[in-house]
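Colleague: I would like to go through this model with you, one question at a time. Please give the reasoning before each answer.

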Amino acid sequence: MDAWLRRVMYHGEQVDRLEAHKKNSRLYFSERKEDNKYIKDALQGDDQHPSAEFRYKEYRMMTAVSVPAFDRKLFESSNQTEVRADLLGVAGIDVPISDFIKHTMPYSIGVNGYVFIVTNNGYILTHPDHRPVHGGVLKSNYNSVDLSEVEFADEERDPRDPSPDILELREAMVNHSRTHLQVRLKFHFDEMRRVDSELKDIYIAPLNGTPFSIAMVLPTEYGHAWLKVADEFKMFRQAGAKPTHFFNSDRWRIHPDWDYCAYFHENYLVFDSPEARVLHFVGRASDTNWEWRERWRNPANEVHDRCDKPHIDFSDYYCDRELMQLLVFDARLSLPYFKATKWEPKNRDEQDLARKYNVSLRFISMQSGLTRWQLVHDRAAEGSPSSSSPPPPEWGDSNNRAIEEPWYVGAVLQHQINNYSFYFSLPPNADKQTPSKLTVTATHAVFHLDESKYVPASVLGYVIPHATLQRRFENVTAKACKTCLPCSSEELNCYLLDSNGYVLASKSTLDTGRFFGEIEGAVLAEMVSAGLFTARHMYDYQAQCSKETPIDSAAGILSTPLNQLRWLWHWTVGRLSWMLLQSELGSVLGSEAGDWLSDLWRGGLAGAGGTPRRRVKRKKRPEEDEGEVFPRKPPKGATKTEYFPCERKAVLYRLEQEKMRDGNFRLPPPVCSRAYSARAVPYSNMLLVVTNPMSINTCFNKLLASSSVIEYNVTEPCQKMNLNDLPRRRLGGCYNQHPKEKYIRKCGNAATLVINIAAVMGCFSILFLLPKLIG
């Protein structure tokens with residue numbers, strides 16, 4: 001409704017009122033809406049000026065763990081011991097799903113590895129591709145996403161047709177099996193804009209005492225090892241120093257979702273940022289009386305009663321020892337290269353290279369989740385636009401997820417193709433960003449080799465203004481051979497593509513960030529047929545579609561007895577007034593009364609004495625010239641957006657760089673496209689494609705990388721019926737009887753039916769006597 005009000009309120013006063021209402025309404029959620037939709041945190045203030053502001057976060061997913069509670073006491077009566085069947089209730093606790101994820105230690109699993117948990121029904125409890133919330137609203141089917149809807153083998157299959165390997169994986173997890181599988185999986189990243197595939201090792205194990213099974217997915221090539229360092233804090237304690245000086249700069253960030261160290265009671269000490277909290281514990285861990293404490297403590301070696309729980313003081317804390325040591329290790333290694341505020345070249349070659357590409361920022365992201373960045377002197381090349389300036393220091397605030405960042409994932413995948421190459425990428429929605437502020441990220445993965453173990457350790461990168469890349473592209477393509485035409489010619493169109501078919505640079509800056517299939521779909525189709533690109537279908541069974549529905553006030557009124565009486569009164573008065581006006585009662589009462597009734601019927605245009613009334617016209621306000629301030633009903637055409645579950649598919653493309661190791665690829669003559677040529681850019685994931693726009697021998701074809709709705713031949717949600725045929729497992733330990741049930745003599749009477757004789761006789765009396773009294 002507020003969108004419609006915004007449309008009809010043109011003057012500034014009403015717009016300001018609406019904006020104020022929308023801002024203040026966040027503080028007046030109903031309790032039910034607040035509990036089910038948002039989590040409200042009060043922002044910290046000082047003692048004298050407490051903060052009245054709040055911030056709203058997304059849902060906190062939980063899983064309920066419950067057991068029945070019986071009265072197991074033995075009662076003695078008449079020298080006999082009796083057993084009662086008293087069910088006291090159900091005892092349960094809600095466990096956050098995030099606690100399961102933190103148990104898996106993502107830093108030790110590494111890049112492109114992950115862990116997921118599946119229930120006995122095949123539904124995922126946690127998975128990296130599980131998206132239960134859309135736009136702040138919980139999806140209707142968030143708790144019934146099947147494993148076969150998020151895992152895909154590297155095969156081209158129809159929708160709702162899972163691969164046998166995925167079905168085998170699902171069955172093993174449903175049956176609580178302990179096994180190992182090796183499957184080539186395809187996956188998407190960068191907001192479903194890019195696709196790749198890898199051979200994965202999947203280790204499956206049951207979670208004892210629960211209906212869940214856990215699976216750990218690791219890349220076969222490099223996922224079986226991770227960096228483990230020595231006790232960094234012990235080394236500094238022996239030296240009488242603290243490692244806090246490794247974090248003196250403000251241009252570093254850590255992964256916001258990883259548990260490094262924290263206090264059990266968040267209000268004990270409140271920190272401005274995760275970095276401030278980690279720095280606090282780095283200083284504490286360097287003390288001689290420091291004690292490492294785990295978040296989940298195992299009291300197996302201690303003697304406790306079953307109902308006892310560990311005592312937690314208000315100042316108690318917990319730390320991930322291995323992660324903290326790895327963080328200090330990474331900080332110590334990276335500080336010498338990122339100590340200064342701005343980068344200074346060591347020699348003339350470095351200076352010339354930075355000037356040639358107008359590098360504005362360099363950074364490093366490491367396995368511990370630490371990300372450092374450093375500004376480069378803005379020594380722009382001659383002729384570069386004056387608007388190219390270094391990114392702000394807050395670059396790390398939006399690039400702080402380390403091994404989960406798309407440029408990190410892409411760099412590691414690119415390293416498997418060529419370990420000397422760089423991975424170039426544009427941010428999402430680059431085609432909609434301001435060209436002067438657009439940047440290109442170039443990253444390179446660094447692997448550590450120890451005997452036969454091969455593990456990614458970090459990713460180095462540079463941020464380059466897109467204008468510089470565009471200028472370099474134009475300069476290089478302008479230098480053609482003596483018998484060749486340059487790209488500046490009208491007879492040629494040149495495109496610089498990344499490994500997923502997105503345009504990094506071209507003759508027209510309007511093509512930057514667009515998918516190449518939207519521009520030259522026929523050419524891309526020919527390259528797919530030739531094997532230069534591979535098309536992979538990805539399905540999104542958790543998608544949300546939207547539709548515009550007209551705004552209509554169809555709200556009803558609760559029909560209470562008082563409303564019924566009110567309607568009856570209005571109807572009676574209306575009918576009596578109508579009968580009075582239509583009868584000759586006015587003539588009987590007198591002429592003055594008749595004139596008064598006539599005037600009343602005509603709408604009060606004349607007074608009781610027959611003198612015409614003067615209608616007072618209200619002065620119209622200036623803001624009402626363009627429309628009403630509060631119209632009685634929404635104007636025609638006003639709509640609202642509604643979301644509903646749907647299923648979508650997307651065809652994503654991947655460059656087969658293995659076929660172009662020497663830079664060339666023998667392309668067959670085009671069948672239904674313009675004449676084109678393709679050549680790989682050395683030591684990168686880029687491809688130069690040159691087409692002939694003057695060629696008329698082409699088929700119009702437009703290929704899109706964006707997703708589209710899957711159209712089924714059945715009515716939704718009948719396409720999910722095949723899920724009913726997949727195996728499921730009944731919960732173990734559930735019984736509907738007990739061997740000692742026959743000894744129970746005293747049972748509860750909650751389900752006993754009691755007949756009230758007085759009530760029955762009263763009903764019969766009313767049924768038989770009431771008709772006689774009425775008759």
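Colleague: How many of the ten residues of strand E6 (residues 87–96) are buried?

Modeller: Please bear in mind throughout that this is a predicted model. Strand E6 pairs with strand E3 (residues 62–70) in the antiparallel sense through nine bridges, and within that pairing Ser66 has Gly92 of E6 as its bridge partner. Even so, E6 is hardly covered, and the count of buried residues among its ten residues is one.

Colleague: Which strand stands opposite to that case, being largely enclosed by the rest of the structure?

Modeller: A residue counts as buried when its relative accessible area is under 20%. By that cut-off four of the five residues at 493–497 are buried, so the strand they form is largely enclosed by the rest of the structure, and that strand is E23.

Colleague: What is the order of the strands in the open sheet of four strands that contains E23?

Modeller: On one side, E23 is joined by three bridges to strand E24 (residues 503–506), the two running antiparallel, with Leu497 opposite Val503. E23 also pairs with strand E30 (residues 687–691) in the antiparallel sense over five bridges, where Tyr495 has Val689 as its partner and Cys494 has Val690. The pairing in this open sheet is antiparallel, and the order is E24-E23-E30-E29.

Colleague: Which strands are the edge strands of that sheet?

Modeller: In the order E24-E23-E30-E29, an edge strand is one that pairs on one side only, and this holds for E24 and strand E29 (676–680).

Colleague: Which residue takes a positive phi in the hairpin of E23 and E24?

Modeller: The hairpin has five residues between its strands. Within this hairpin a phi near 90° is found, and the residue that takes this value is Gly501.

Colleague: Which helix packs on the sheet and touches E23, E24 and E30?

Modeller: The sheet in question is the open one with the order E24-E23-E30-E29. The helix that packs on it has a direction that makes about 55° with that of E24, and it covers residues 466–478, which is helix H12.

Colleague: Which strands stand at the edges of the open sheet of five strands?

Modeller: This sheet has the order E8-E7-E13-E12-E11, with antiparallel pairing. Two of its strands have a single partner strand each, so one side of each is left without a neighbour in the sheet, and these are strand E8 (124–126) and strand E11 (179–189).

Colleague: How many bridges pair strand E12 (residues 194–206) with strand E13 (residues 213–219)?

Modeller: In the strand order these two are neighbours, as E8-E7-E13-E12-E11 shows, and Ile204 has Ala215 of E13 as its bridge partner. They pair in the antiparallel sense, and the number of bridges is seven.

Colleague: At what angle to E11 does helix H6 (residues 164–174) run?

Modeller: Helix H6 lies across E7, E11, E12 and E13. Taking its direction against that of E11, the angle is about 120°.

Colleague: Which residues touch the most other members of the largest nonpolar core?

Modeller: This core has 56 residues. Phe281, for example, touches Cys261, Ala262, Tyr263, Trp290, Tyr317, Cys319 and Met324, leaving aside residues up to four places away in sequence. The members with the most such neighbours in the core are Tyr260, Phe281, Met324 and Val412.

Colleague: Which residues of helix H8 (residues 274–285) are buried?

Modeller: The twelve residues of H8 reach 16 Å from the first C-alpha to the last, close to the 16 Å expected. What covers its buried residues includes helix H7 (232–239), strand E15 (261–263) and helix H9 (321–334). The buried residues are Glu275, Val278, Phe281, Val282, Gly283 and Ala285.

Colleague: What is the relative accessible area of Asn358, and where is this residue found?

Modeller: Most residues other than glycine have a negative phi, whereas Asn358 has a positive phi of about 50°. Asn358 is found in the loop between helix H10 (348–357) and strand E18 (361–366). The residue is buried, and its relative accessible area is 2%.

Terms used: Residues are numbered from 1 along each chain as its sequence is written. This is a predicted model: local features need pLDDT of at least 70, side-chain atom pairs count only at pLDDT 80 or more; totals for chains, interfaces and linings use all residues. Side-chain values use heavy atoms; hydrogens and water are left out. A nonpolar core is a set of buried Ala, Val, Leu, Ile, Met, Phe, Trp, Tyr and Cys residues joined through side-chain atoms within 4.5 Å. Buried means under 20% relative accessible area, exposed over 50%, partly exposed in between (1.4 Å probe, protein chains only). Contact means heavy atoms within 4.5 Å. Two strands pair if DSSP finds at least two bridges between them. Axes are lines fitted to C-alpha atoms, for helices over the stretch in contact, and angles run from 0 to 180 degrees between N-to-C directions. The expected span of a helix is 1.5 Å times one less than its number of residues.
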